[in-house]
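Here are some notes for a colleague who is looking at this structure for the first time. The points are numbered so that each can be checked against the model.

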Amino acid sequence: MTRLARAAATLALLTMVTAWMSVSAATQTHAPAATAAPPPGPITLNVDATDTARKLLHAHIVMPVKPGPLTLYYPKYIPGEHGPTGPVVDLAGLRFDVDGKAVPWHRDEVDMFTFHVTVPEGATKLDISLDFLSPVASGKFSGGVSMTPKLIDLSWNHVALYPAGYATKDLTYDVSLKLPKGWRYATALDVKGQDENEIQFQPVSFNNLVDSPLIAGEYFRQIDLAPDSDVHRYLDIVADYPKALDASDEQIKHMRNLVEQANALFKSHHYKEYHFLLTLSDKTAHFGLEHHQSSDNRTGAEYFINDKANMINASLMPHEYVHSWNGKFRRPEQLWQPDFETPERTRLLWVYEGLTDYLGPVLTARSGLWTPEQFRENLALVAANMDHRPGRTWRPLIDTTIAAQLLYGAPRYWANWRRGTDFYAEGTLIWLDVDTQIRALSDGRHSLDDFAQLFFGIDDGSYVTKTYTFDDIVNTLNKVQPYDWRSFLRDLVDRTQYHAPLAGITRSGWKLVYTDKPNPFQEAREARRHYLNLMFSIGMSVNDKGEIRDVLWDGPAFKAGIGPGMKIVSVNGVKFAPDVLKRAIAAARAGKEPLHFILDNDGYMKTRDVDYHDGLRYPHLVREKDRADYLGKILAPLKSS
């Protein structure tokens with residue numbers, strides 16, 4: 001090639017690169033999170049929630065603007081949900097107006113949460129109208145069913161847009177809400193005033209607005225959990241019928257104990273006041289979602305009036321309360337982003353969720369919401385479930401945290417081989433391991449309580465988020481008890497092996513065993529959810545219709561050729577029923593004959609024999625008397641300061 005040809009080729013290449021860079025810049029959908037220009041003045045948001053019977057919300061937004069291109073976002077990454085879960089599919093009726101005239105808009109072709117508008121010359125404000133079509137069934141997290149004819153659990157991100165180019169903490173919203181007549185409400189937002197059924201809130205940053213859900217309903221009860229404190233903590237309850245509000249004096253006492261035990265553990269608070277927002281309904285989605293000065297807790301209507309329902313959900317509010325310290329005040333560095341459009345990095349969820357899933361149940365026991373025995377039975381079930389996760393042989397825990405946004409929506413079939421959001425339950429075992437290791441190394445002088453005070457007890461009274469890294473965790477643990485915590489933790493989250501990390505249970509003075517006596521938590525969940533968990537015996541879970549939900553990889557049923565999606569027609573010649581299957585498993589212990597199954601596999605009838613003879617197996621913890629009972633010390637209530 002001649003020098004002239006080479007020069008021409010180089011020029012052509014540079015032209016192509018320049019063109020590519022121009023196209024790339026032109027098609028970039030996520031504008032910078034901050035600009036040199038000040039954010040627009042207060043954005044007005046008016047929400048009409050009077051049509052809950054049809055599960056509809058109507059919103060009107062008035063946004064200060066300047067002429068020219070404008071990019072708007074619908075909140076995408078919702079803190080605490082750990083993924084792009086903003087329910088944009090339920091956004092409808094979107095309209096933009098200037099001076100009563102419609103302004104054209106279009107959705108971004110790459111990022112479906114992004115909308116583009118060209119503001120006309122001379123315009124200073126943009127009127128935005130939208131409707132939110134709340135799900136009528138199912139749904140994930142706050143995008144699930146959130147209202148009934150008698151109540152609403154409102155997430156503000158459902159009905160808001162925000163302008164690109166600014167940190168959301170710098171955007172101010174002036175918010176009002178209209179409720180059905182006579183309904184009462186609770187939220188961490190400050191109220192400016194109320195005119196009959198319309199509430200006007202004090203101006204608030206968009207971050208704090210999204211972080212401050214509201215519950216309201218015809219049947220409402222508020223209980224002050226700290227009446228003698230300058231910092232109030234409220235239990236706010238809405239329900240579908242009056243009796244569901246009947247928390248007993250004993251239950252209220254335990255909730256007050258929870259506040260006291262959290263104070264004793266963290267020796268700090270990071271809120272002006274705190275609201276446990278509790279929605280009791282059999283019609284709404286059930287979950288918990290943390291917020292800095294409140295928590296969104298949703299469970300069945302019988303929570304206070306059914307002992308088993310109360311037992312299996314007793315750790316819900318303690319878990320979300322711990323998040324006020326771990327996850328909201330202290331947050332992993334890459335889970336704190338400048339807006340709701342920037343992707344979150346979830347590598348440290350084994351701390352954010354895993355540590356919370358340990359401390360929450362510990363506080364549940366210390367406060368009396370669980371007895372120590374109930375804590376142990378729940379821990380035994382957690383340990384057994386995690387010890388039957390053969391997917392651990394190929395997938396380390398750290399990958400479940402990185403892939404969290406995929407795994408939250410993962411199906412149930414082959415869950416033990418795929419793995420799911422195991423950083424919750426396995427995190428419990430990891431942090432028990434850490435706690436007992438500190439106690440053993442220090443001869444009982446120190447514990448994870450000391451870590452909690454050092455790590456979360458800083459800046460008492462502040463609710464400005466402070467981020468942390470893995471190094472911060474290691475360094476603080478070393479202040480409590482010198483040790484090679486970096487290698488200790490890395491091994492737990494990075495390794496692949498079949499069995500769960502059970503060293504913390506053993507070191508705590510207890511042992512995981514299996515007997516034919518039902519575990520009360522397993523039994524209660526099976527009864528309420530209409531299924532059998534037989535993963536610890538024949539290696540499957542099956543619902544009360546005989547439909548197989550999951551099969552333990554390489555377990556007895558797996559080896560017999562049984563898989564999820566099949567339906568049990570009969571067992572040993574008897575038509576399937578849950579009790580028929582349980583009796584057959586128990587009886588097989590006395591003989592050598594395998595269990596004979598007839599299965600419907602997509603319309604094809606198959607026979608399968610399961611060679612299993614160890615009977616029904618349920619997990620429990622038993623005391624090992626030659627070891628110190630660290631678990632007993634862990635569950636003992638702390639003295640209030």
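**Notes on the model**

1. Surface patch. Val569, Ile598 and Met605 make a nonpolar patch of about 250 Å² on the surface. The model is a predicted one. Of the patch residues, Met605 lies in strand β32, which covers residues 604-610. Met605 is exposed, because its relative accessible area is 53% and exposed means over 50%.

2. A covered strand. Strand β19 spans residues 233-239, and seven of its seven residues are buried. The cover is found on both faces of β19. One side carries Arg233, Leu235, Ile237 and Ala239, while the other carries Tyr234, Asp236 and Val238, and all of these are buried.

3. Partners of β19. Strand β18 (residues 219-224) runs antiparallel to β19, and six bridges join the two. Within this pairing, Arg221 has Ile237 of β19 as its bridge partner. Strand β20 (residues 274-280) runs parallel to β19 and is joined to it by seven bridges. Here Tyr234 stands opposite His275 of β20. On the way from β19 to β20 the chain passes through helix α3 (residues 249-266), and this β-α-β crossover is left-handed. A reader checking the model may wish to look at that connection.

4. A three-strand sheet. Strands β26, β27 and β28 form an open sheet in the order β26-β27-β28, with antiparallel pairing. Its edge strands are β26 (531-533) and β28 (548-551), each of which pairs on one side only. On average, neighbouring strands of this sheet are turned by 10 degrees against each other, direction ignored. Three bridges link β27 (residues 540-543) with β28 in the antiparallel sense. One residue pair across β27 and β28 can be named: the bridge partner of Ser541 is Asp550 in β28.

5. Salt bridges. How many salt bridges does a search of the whole structure find? The search finds 25. One of them joins the side chains of Arg95 and Asp97, at 2.7 Å from N to O. Is Arg95 in this pair buried or partly exposed? Arg95 counts as partly exposed because its relative accessibility is 40%, whereas Asp97 is buried, with a relative accessible area of 10%.

6. A pair at the cut-off. The side chains of Lys243 and Asp246 also meet in a salt bridge, at 4.0 Å from N to O. The pair counts because a salt bridge is defined by a nitrogen within 4 Å of a carboxyl oxygen. Asp246 is partly exposed, with a relative accessible area of 41%.

7. A buried pair in a helix. Asp435 and Arg439 form a salt bridge through their side chains, at 2.9 Å from N to O. Why are these two residues about one helical turn apart? They are four residues apart in helix α12 (residues 425-441), so about one helical turn separates them. Asp435 is buried at a relative accessible area of 1%. Arg439 also counts as buried, at 7% relative accessibility.

8. A network. Salt bridges that share partners join five residues into one network: Arg389, Arg392, Arg419, Asp422 and Glu426.

Key: Residues numbered from 1 in each chain as written. Predicted model: local features only at pLDDT ≥ 70, side-chain atom pairs only at ≥ 80, totals over all residues. Heavy atoms only, no water. Patch = residues over 30% accessible without salt bridge, like charges linked within 9 Å, V, L, I, M, F, W, Y side chains within 5 Å. Areas by Shrake-Rupley, 256 points an atom, 1.4 Å probe, with all protein chains shown as cover. Buried < 20%, exposed > 50% of the residue type's maximum accessible area, 1.4 Å probe, protein only. Pairing = 2+ DSSP bridges. Right-handed = clockwise from strand over helix to strand, strands pointing away. Axes fitted to C-alpha atoms, helices over the stretch in contact; angles between N-to-C directions.
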